[in-house]
Amino acid sequence: MMEPGGGEVQHPRRQDGSGATDPVSSMGDAEKRLTALYPKPLEGEKVPISFLAAEKRKIGWSPEEGRSVQIGEDTEIEPLKRVREINEVQIFNWLTGREGVIELSDREMEELLALVEAKNGERLVFTRVKVKGRLKAAFALEEEREPRRWLLSERLRD
């Protein structure tokens with residue numbers, strides 16, 4: 001493909017060497033996104049969760065390590081960028097049957113705690129909604145739908 005300036009447009013290649021550029025190229029990507037330690041559902045995708053605990057932490061972006069790092073009493077803040085306080089919420093992800101972590105702002109944390117207090121037998125669901133072009137964490141309560149129960153005798157007749 002040629003660029004208007006005359007140069008050729010280079011498409012990023014995947015690590016496996018294929019030329020696929022589709023961001024959600026396989027179902028495995030979607031499963032990883034929803035079942036990882038830090039679940040990141042797309043807009044409209046829902047992850048059933050249970051609230052376990054929350055802790056306020058101070059973090060900053062480390063360009064040397066290429067990731068966010070926790071700031072302790074002996075951590076040098078000078079090389080870090082975007083130093084901020086977040087609420088780290090431990091959840092139980094019902095899709096995987098394992099614990100996970102969600103990082104929330106103070107406002108999102110207040111919304112979550114209000115839903116946890118109001119919960120009356122409903123299932124807590126984590127999703128993300130687009131606000132001003134960015135995906136923000138959102139929580140909702142849904143009625144629990146149990147699978148249809150079968151008696152063994154009914155299954156044997158079929």
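Is Phe 126 buried or exposed in this model? The points below take up that residue and then its surroundings.

1. On the overall fold: this is a predicted model, and what follows should be read as a description of that prediction. The protein contains 3 helices and 6 strands, and from the N terminus on these elements run in the order α-β-β-β-β-α-β-β-α. Of its 158 residues, 24% count as buried, while the area that the protein exposes comes to about 12000 Å², with carbon and sulfur atoms supplying 49% of it. Among the contacts in the protein with a separation of 6 or more, 47% are made by residues 24 or more positions apart.

2. On Phe 126: this residue, whose place is in strand β5, is buried, because its relative accessible area is 2% and the cut-off for burial is under 20%. Leaving aside its neighbours within four places in sequence, Phe 126 is in contact with residues that include Pro 39, Pro 41, Glu 45 and Lys 46, together with Val 47, Ile 49, Ile 102, Ala 137 and Phe 139. A further pairing worth marking on the structure is that of Phe 126 with Ser 50, which are 76 residues apart in sequence and 9.4 Å apart in space, C-alpha to C-alpha.

3. On the nonpolar core: Phe 126 belongs to the largest nonpolar core, which has 12 residues in all and in which Val 47, Ile 49, Val 89, Ile 91, Ile 102 and Leu 104 are joined by Met 109, Leu 112, Leu 124, Ala 137 and Phe 139. At least two residues of this core come from each of β1 (47-62), β3 (81-93), β4 (98-104), α2 (106-118), β5 (123-131) and β6 (134-142).

4. On Arg 128: this charged residue is also placed in strand β5, and Arg 128 counts as buried because its relative accessibility is 16%, where the limit is 20%. Not counting residues up to four places away in sequence, Arg 128 touches Lys 40, Pro 41, Leu 42, Glu 43 and Gly 44, and also Leu 135, Lys 136, Ala 137 and Ala 138. The C-alpha atoms of Arg 128 and Phe 139, which stand 11 residues apart along the chain, are separated by 8.0 Å.

5. On the largest pocket: its volume is about 670 Å³, and its lining consists of 22 residues, of which Lys 40, Glu 103, Leu 104, Glu 108 and Leu 135 lie nearest its centre. The elements that give two or more residues to this lining are β3, β4, α2, β5 and β6. By character, the lining residues divide into 9 nonpolar, 2 polar and 11 charged. Two of the residues nearest the centre also appear in earlier points: Leu 104 is a member of the largest nonpolar core, and Leu 135 is among the residues that Arg 128 touches.

6. On backbone geometry: two residues deserve a second look when the model is inspected. Arg 82, which lies in strand β3, has a positive phi of about 50° although it is not a glycine, and Lys 132, in the loop between β5 and β6, has a positive phi of about 55° and is likewise not a glycine. Most residues other than glycine have a negative phi. Arg 82 counts as exposed because its relative accessibility is 55%, and Lys 132 counts as exposed at 84%.

Key: Residues numbered from 1 in each chain as written. Predicted model: local features only at pLDDT ≥ 70, side-chain atom pairs only at ≥ 80, totals over all residues. Heavy atoms only, no water. Core = buried A, V, L, I, M, F, W, Y, C linked by side-chain atoms within 4.5 Å. Buried < 20%, exposed > 50% of the residue type's maximum accessible area, 1.4 Å probe, protein only. Helix = DSSP H or I, 4+ residues; strand = E, 2+ residues; numbered from the N terminus. Contact = heavy atoms within 4.5 Å. Areas by Shrake-Rupley, 256 points an atom, 1.4 Å probe, with all protein chains shown as cover. 1 Å grid on protein atoms, 1.4 Å probe; cavity = no way out; pocket = protein on both sides within 12 Å on 5 of 7 lines; lining within 4 Å. Points joined across faces, edges and corners; volume = space filled by probe spheres on them. Nonpolar A, V, L, I, M, F, W, Y, C, P; charged D, E, K, R; others polar.
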